[in-house]
Amino acid sequence: MELKELEYKVENKIATITLNRPEQMNAMVAEMYYGLIDLLDKADNDDGVRAIVVTGHGRCFCAGQDLSAGNKFGQQVNSIEEYRDRGGQVALRIHKLNKPCIGALNGAAVGVGITMTLPMDMRIASGKAKIGFVFSRRGIINEACSSYFLPRLVGVSKALEWLMSGRTFTAEEGFEHGLFTKVVEPEEVLPTAYAYAREIVDNAAPVSVALAKRLVWDMQSASHPMEAHDFESLCMYYLGRGADAKEGVASFMEKRLPDWQMSTTKNMPPFFPLREEPVFRGK
């Protein structure tokens, strides 16, 4: 699905997805959610892409759901059995990515504009950005799987304070509590995001990156560190016998950049994914 509200480009193995409704502060409409999922699929399935950056066009990252047409929350279907939160579908696709994903929040991020960034691996924010989990002030509830991701990033107490109050706060406050990787001047947001992406693209093996991501997230719910030991041992055995482990050692000894041979579309281990994704409402 190609939409004028979303821009996609790939340069130097980095895909950039840009929300492109600057006159509406990049507020989300229904088509954008599904278009964004399509672009994430496109990047994840392209071996020419090694990292993904998501940003907004203009002075705002995303003002949340477009409310200009009134209350549309939960009203696009006729029964509770049919309804699925669109922001949650985007968040689940980001969570499933085998490529590193970096949010470049060039301005305000409110509602789904902030919750959809929570499963990203890093978030770079403008120091002038206002952030808000404003759902309680609209008479609705936080979405995009944020009740899973937010407490894992900032802790239960701070997550509840932000969610229950619905207040807006500064990017600096977000940084202090672990929401953001770095806060920079507005003009430095994209260059900083690209610098983080470049560090990974130039130096890290793509399959190693994908497995590191999955291990960190999946082990959040492990009941004992033995589960982490089990999966890490499987991954070390698989990667240690692969072409990239040989190249990693050789490039280190020869003091050169590595030339990775393994890809996330062709060389993920046979035991991947480590855990099967649950189906929606047990169906």
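Which residue lies over the face of Phe280? In this predicted model, that residue is Arg84, which is placed 4.3 Å from the ring centre. A second contact of this kind involves Arg152, which lies over the face of Tyr148 at 3.7 Å from the ring centre.

Tyr148 also leads to the aromatic pairs, of which the count comes to 7. In one of them, the ring centres of Tyr148 and Phe149 are 5.0 Å apart and the ring planes stand at 85 degrees, so this pair is edge-to-face, given that planes over 60 degrees apart are placed in that class. The two partners can also be described by their accessibility: Tyr148 counts as partly exposed because its relative accessibility is 29%, whereas Phe149, with a relative accessible area of 2%, is buried.

Another pair is formed by Tyr238 and Phe271, whose ring centres lie 6.2 Å apart and whose planes are at 85 degrees, so that this pair, too, is edge-to-face. Tyr238 belongs to helix 9, which covers residues 225-240, while Phe271 is in the segment after helix 10 (243-253), and the pair therefore ties together parts that are 33 residues apart in sequence. Tyr238 is partly exposed at 22% relative accessibility, and Phe271 is likewise partly exposed, with a relative accessible area of 23%. Elsewhere, Phe133, Trp162 and Phe169 form one aromatic cluster.

The backbone deserves a separate look. Most residues other than glycine have a negative phi, and most peptide bonds are trans. Against that background, the peptide bond that joins Phe272 and Pro273 is cis, with an omega of about 0 degrees. Pro273 is located in the segment after helix 10, and Phe271, described above as a partner of Tyr238, is in that segment as well.

Where in the chain do Ala144 and Cys145 lie? Ala144 is found in the loop between strand 8 (130-132) and helix 4 (146-154), and Cys145 has its place in the loop between strand 8 and helix 4. Ala144 has a positive phi of about 55 degrees although it is not a glycine, and for Cys145, also a residue other than glycine, phi is positive and near 60 degrees. Their accessibility is given by two further values: Ala144 counts as buried because its relative accessibility is 0%, while Cys145 is partly exposed, with a relative accessible area of 24%.

Technical notes. Residues are numbered from 1 along each chain as its sequence is written. This is a predicted model: local features need pLDDT of at least 70, side-chain atom pairs count only at pLDDT 80 or more; totals for chains, interfaces and linings use all residues. Side-chain values use heavy atoms; hydrogens and water are left out. Rings of Phe, Tyr and Trp (its six-membered ring) pair if their centres lie within 6.5 Å; planes under 30 degrees apart count as stacked, over 60 as edge-to-face and the rest as tilted. Buried means under 20% relative accessible area, exposed over 50%, partly exposed in between (1.4 Å probe, protein chains only). Helices (H or I, at least four residues) and strands (E, at least two) are DSSP runs, numbered from the N terminus. A charge sits over a ring if NZ of Lys or CZ of Arg is within 6 Å of the ring centre and within 35 degrees of the ring normal.
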